[in-house]
Structures are given as C-alpha cells and as structure tokens.
Amino acid sequence: MKESSTEDFDRIDLKILRALQSEGRLSNADLAERVNVSAATCHRRTQRLFKEGYITGVRAEVAPGAVGLGAMVMVGVVLDRSTPESFGAFEGAVTELKEVLDCNLVAGDFDYLLKIRVRDMADFNKLHGQKLIALPGVRQTRTFFVMKEVKENARLPF
C-alpha cells in the first residue's frame with residue numbers, strides 16, 4: 001500500500017472505511033445505505049479500497065477464551081547480533097509459529113516484542129522451552145503474562 005493519510009480519501013471513502021472497521025459483516029446494500037451512496041457506487045469504491053491496499057482483509061474476532069486460548073503473553077526478545085541477516089532469520093522463523101499473533105521490531109530494551117496466545121502457563125512454558133528460545137539468534141527473552149486485557153484490537157483513529 002502506498003504511504004497515505006486521510007487527506008487522500010474523500011468523505012465517502014472515509015465513511016466506508018469507518019463502517020467496515022466497525023462492522024465488517026455489513027452487506028454491500030447496508031453499507032451503501034449507511035454511507036448514503038448507491039449500491040453500485042459503494043461496491044466499486046470498496047473494491048478499489050481493497051485493490052489499493054487500504055482494506056487488507058475482513059475477519060471475525062474470535063473470543064480467545066472460548067477456543068481455549070485464554071492466556072496472553074508478551075515476550076521481549078533480544079537477539080545476539082543486530083544485523084540484517086540475524087533480523088531476517090529471526091523474522092522468517094517467528095512467522096511460522098502459530099501461537100505468535102504479533103511480532104514487532106521495537107526500539108528500547110528489546111529487539112522484538114511478541115504477542116502470544118496460549119492455553120495457560122504450562123502451555124507457554126512448553127512453547128518457550130521448545131520453540132521460542134530455539135529461534136535463530138535469540139540471546140534473551142523477557143516474559144510478561146497479561147493479567148487483564150484493558151484495550152485490545154482497537155479501531156484505527158481516523
């Protein structure tokens with residue numbers, strides 16, 4: 001997607017993005033009514049927003065506890081070297097771990113911050129011992145068990 005800001009959208013594009021971000025299951029007819037355009041116009045604009053990469057997908061938000069993944073863990077990872085090769089090797093390997101929901105290169109005390117979902121502490125202990133510390137270049141990890149999720153998956157502020 002190109003670098004952008006809300007100035008690149010007209011008010012209808014913004015209404016479409018806001019509505020879909022809030023309720024991704026809206027039918028095209030309902031979306032068109034909500035943003036006050038014809039169904040054909042709404043469909044054309046929505047397809048353009050997908051094609052240009054402004055909308056990257058639509059999916060259901062599944063309740064983690066309901067599917068047995070009630071524990072969220074944040075893990076700070078420090079690599080043994082700060083080279084493009086070591087970053088690339090780590091990033092390639094971490095993307096293969098289904099338990100890792102988010103992986104971000106960060107500035108500060110860690111190289112990466114991981115957001116992980118597991119069943120419980122025992123499940124995380126197994127993941128940590130068998131997979132996380134075996135990732136390429138990992139020198140150190142710091143683990144933070146989330147005690148309460150105050151705000152998660154908030155809508156983008158535009």
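In this predicted model, seven bridges join strand 1 to strand 4, and the two strands run antiparallel. One of the residue pairs along this border is formed by Val-78, whose bridge partner in strand 4 is Gln-140. Strand 1, which spans residues 71-79, also pairs with strand 3, residues 112-118, again in the antiparallel sense and over seven bridges. On that border Val-75 stands opposite Leu-114 of strand 3, while Val-77 stands opposite Tyr-112 of strand 3.

The table gathers the residue pairs named so far.

| Residue | Partner residue | Partner strand |
|---|---|---|
| Val-75 | Leu-114 | strand 3 |
| Val-77 | Tyr-112 | strand 3 |
| Val-78 | Gln-140 | strand 4 |

**The sheet as a whole**

These pairings belong to an open sheet of four strands, arranged in the order 2-3-1-4 with antiparallel pairing. Strand 2 (100-105) and strand 4 (138-145) stand at the edges and have a single partner strand each, so that one side of each is left without a neighbour in the sheet. When direction is ignored, neighbouring strands of the sheet are turned against each other by 20° on average. In general, the strands of a sheet pair through backbone hydrogen bonds, in either a parallel or an antiparallel manner.

Strand 1 deserves a further word. Eight of its nine residues are buried, and strand 1 is therefore largely enclosed by the rest of the structure.

**Helices that meet the sheet**

Helix 4, made of residues 84-94, lies across strand 1, strand 2, strand 3 and strand 4, and runs at about 15° to strand 3.

Helix 5, made of residues 121-130, has Asp-123, Phe-124, Leu-127 and His-128 as its buried residues. Because these residues cover an arc of only 135° around the axis, they lie on the same side of helix 5. The buried residues of helix 5 pack against strand 1, strand 3 and strand 4. On the other side of helix 5, by contrast, Ala-122, Asn-125, Lys-126 and Gln-130 are exposed.

**Helix 1 and helix 3**

Another contact involves helix 1 (residues 11-22) and helix 3 (residues 39-51), whose axes come within 11 Å and cross at roughly 75°. Since angles of 65 to 115 degrees count as roughly perpendicular, helix 1 and helix 3 are therefore roughly perpendicular to each other. Helix 1 contributes Ile-12, Asp-13, Ile-16, Leu-17 and Leu-20 to the contact, and helix 3 contributes Cys-42, Arg-45, Thr-46, Arg-48 and Leu-49. Sorted by class, the residues of this contact comprise six nonpolar, one polar and three charged.

**Two asparagines with positive phi**

Most residues other than glycine have a negative phi, and against that background two asparagines can be pointed out. Asn-36 has a positive phi of about 65° although it is not a glycine, and this residue is found in the loop between helix 2 (28-35) and helix 3. With a relative accessible area of 68%, Asn-36 is exposed, the cut-off for exposed being over 50%. Asn-153, likewise not a glycine, has a positive phi of about 50°, and Asn-153 is found in the segment after strand 4.

Notes. Residues are numbered from 1 along each chain as its sequence is written. This is a predicted model: local features need pLDDT of at least 70, side-chain atom pairs count only at pLDDT 80 or more; totals for chains, interfaces and linings use all residues. Side-chain values use heavy atoms; hydrogens and water are left out. Axes are lines fitted to C-alpha atoms, for helices over the stretch in contact, and angles run from 0 to 180 degrees between N-to-C directions. Angles under 35 degrees count as roughly parallel, over 145 as roughly antiparallel, 65 to 115 as roughly perpendicular and the rest as oblique. Contact means heavy atoms within 4.5 Å. Ala, Val, Leu, Ile, Met, Phe, Trp, Tyr, Cys and Pro count as nonpolar, Asp, Glu, Lys and Arg as charged, and the others, Gly among them, as polar. Two strands pair if DSSP finds at least two bridges between them. Buried means under 20% relative accessible area, exposed over 50%, partly exposed in between (1.4 Å probe, protein chains only). The arc is that of the directions from the helix axis to the C-beta atoms.
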